Amino acid sequence: METRCLCLLLVCVLSLNHATADSGSVKKMKMQYTGMPLLKFQICVSCGYRRVFEEYSRVLTQRYPDIRIEGENFLPQPIYRHIASFLSVFKLALIGLIILGKDPFTFFHMETPGIWLWAQENKIYACMMVFFLSNMIENQCMSTGAFEITLNDVPVWSKLQSGHLPSMQQLVQILENEMKLSAHMDSLPHRRA
């Protein structure tokens, strides 16, 4: 009976993780669909840069109505995503074992550590501690600190290289310069070789 409960718990946790796991698709935040130039933001959503992106998009859309603005989450390296995914499953399995009062160490013929005995005596506190510590580590794994901006696939700003976000004035100046350069390049006669 205990083995069935553990297997059922494991199946539930794995199916929950599979349903919520990132399957490689990234949700894009499209702010405007018209116009030719594409201004693309790749941001660290877990760092709280989504509000900054939305504010910049609102101002830039008013100033440049012909620009199409897109934003997406800048994903960390795959190893960090896998670690975060594993921790998400492990956290739920561990909380389930604590709540059920099962001792996984007996399954491996090991002596039960004192921390597990303490967790069985303080289930609510132990579950909260596992939940919050795991979430803290998962957030650290998924946090990149990125705020990367490209205009027509040409990098115009990188927080990872500069170490800070651009001010609105800096961003407007960069866009003005890029658009003038682009207009100048388009007006040059094309030579045939």
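## Overall layout

Read along the sequence, this chain runs α-β-β-α-β-α-α-α-α-β-β-α-α. The model is a predicted one, so please keep that in mind as you browse. The pattern is built from eight helices and five strands.

A few whole-chain values help set the scene. Of the 193 residues in the chain, 30% are buried. Contacts between residues at least 6 apart in sequence join residues at least 24 apart in 70% of cases. The chain exposes about 13,200 Å², and 61% of that area is supplied by carbon and sulfur atoms.

## The nonpolar cores

Let's turn to the interior. In soluble globular proteins, nonpolar side chains tend to be buried together. Here the largest nonpolar core has 21 residues, and those with the most contacts inside it are Leu 39, Phe 41, Leu 60 and Ile 149. Two or more residues each come from strand S2 (38-43), helix H2 (50-63), strand S4 (147-151), strand S5 (154-158) and helix H8 (168-187). H8 gives five residues, the largest share of this core. Apart from this core lies another, of nine residues, including Ile 95, Leu 97, Ile 98 and Ala 126.

Which residues does Ile 149 touch, not counting residues up to four places away in sequence? The list is Leu 39, Lys 40, Phe 41, Val 154, Pro 155, Val 156, Trp 157, Pro 166 and Leu 171. Leu 39 and Phe 41, also on the list of residues with the most contacts inside the largest core, are thus among the residues that Ile 149 touches.

## Strand S4 and its partners

Strand S4 pairs with two other strands. S2 and S4 run antiparallel and are joined by five bridges; in this pairing, Ile 43 has Phe 147 of S4 as its bridge partner. S4 and S5 also run antiparallel, with four bridges joining them. Two of the bridge partners in S5 are Ser 158, matched with Glu 148, and Trp 157, matched with Ile 149.

How many of the five residues of S4 are buried? Five of the five are, leaving the strand mostly covered. In a regular strand the side chains alternate between the two faces of the sheet. For S4, one side holds Phe 147, Ile 149 and Leu 151, the other holds Glu 148 and Thr 150, and both faces are covered.

## The S4–S5 hairpin

The hairpin of S4 and S5 has two residues between the strands. Asn 152 sits in this loop, and its phi is near 50°, a positive value in a residue other than glycine. With a relative accessible area of 41%, Asn 152 is partly exposed, whereas Ile 149 and Leu 151 in S4 are buried.

## Helix H2: a covered face

H2 has 14 residues and reaches 20 Å from its first C-alpha to its last, close to the 20 Å expected at 1.5 Å a residue. Its buried residues are Phe 53, Tyr 56, Ser 57 and Leu 60. Why do these residues line one face of the helix? Seen down the axis of H2, the buried residues fall within an arc of 105°, so they line one face. On the other side of H2, Arg 51 and Gln 62 are exposed.

Leu 60 links this picture to the interior, as one of the residues with the most contacts inside the largest nonpolar core.

## Helices H3 and H6

Helix H3 (residues 78-100) has 23 residues, and the distance from its first C-alpha to its last is 33 Å, close to the 33 Å expected at 1.5 Å a residue. Among its buried residues are Ala 84, Leu 87, Val 89, Leu 94, Ile 95, Leu 97 and Ile 98. Polar residues such as Ser 88 and Lys 91 are buried in H3 too. Right after H3 comes Gly 101, which has a positive phi near 75°.

Helix H6 (residues 123-142) includes Met 129. At 30% relative accessibility, Met 129 counts as partly exposed. The C-alpha atoms of Met 129 and Ile 95 are separated by 9.8 Å, although the two residues are 34 apart along the chain.

## An exposed loop residue

The loop between helix H4 (104-107) and helix H5 (114-121) contains His 109. Is His 109 buried or exposed? At 77% relative accessibility, against a cut-off of over 50%, His 109 counts as exposed. Its phi is near 55°, another positive value in a residue other than glycine.

Technical notes. Residues numbered from 1 in each chain as written. Predicted model: local features only at pLDDT ≥ 70, side-chain atom pairs only at ≥ 80, totals over all residues. Heavy atoms only, no water. Core = buried A, V, L, I, M, F, W, Y, C linked by side-chain atoms within 4.5 Å. Buried < 20%, exposed > 50% of the residue type's maximum accessible area, 1.4 Å probe, protein only. Contact = heavy atoms within 4.5 Å. Pairing = 2+ DSSP bridges. Areas by Shrake-Rupley, 256 points an atom, 1.4 Å probe, with all protein chains shown as cover. Expected span 1.5 Å × (residues − 1). Arc of directions from axis to C-beta.
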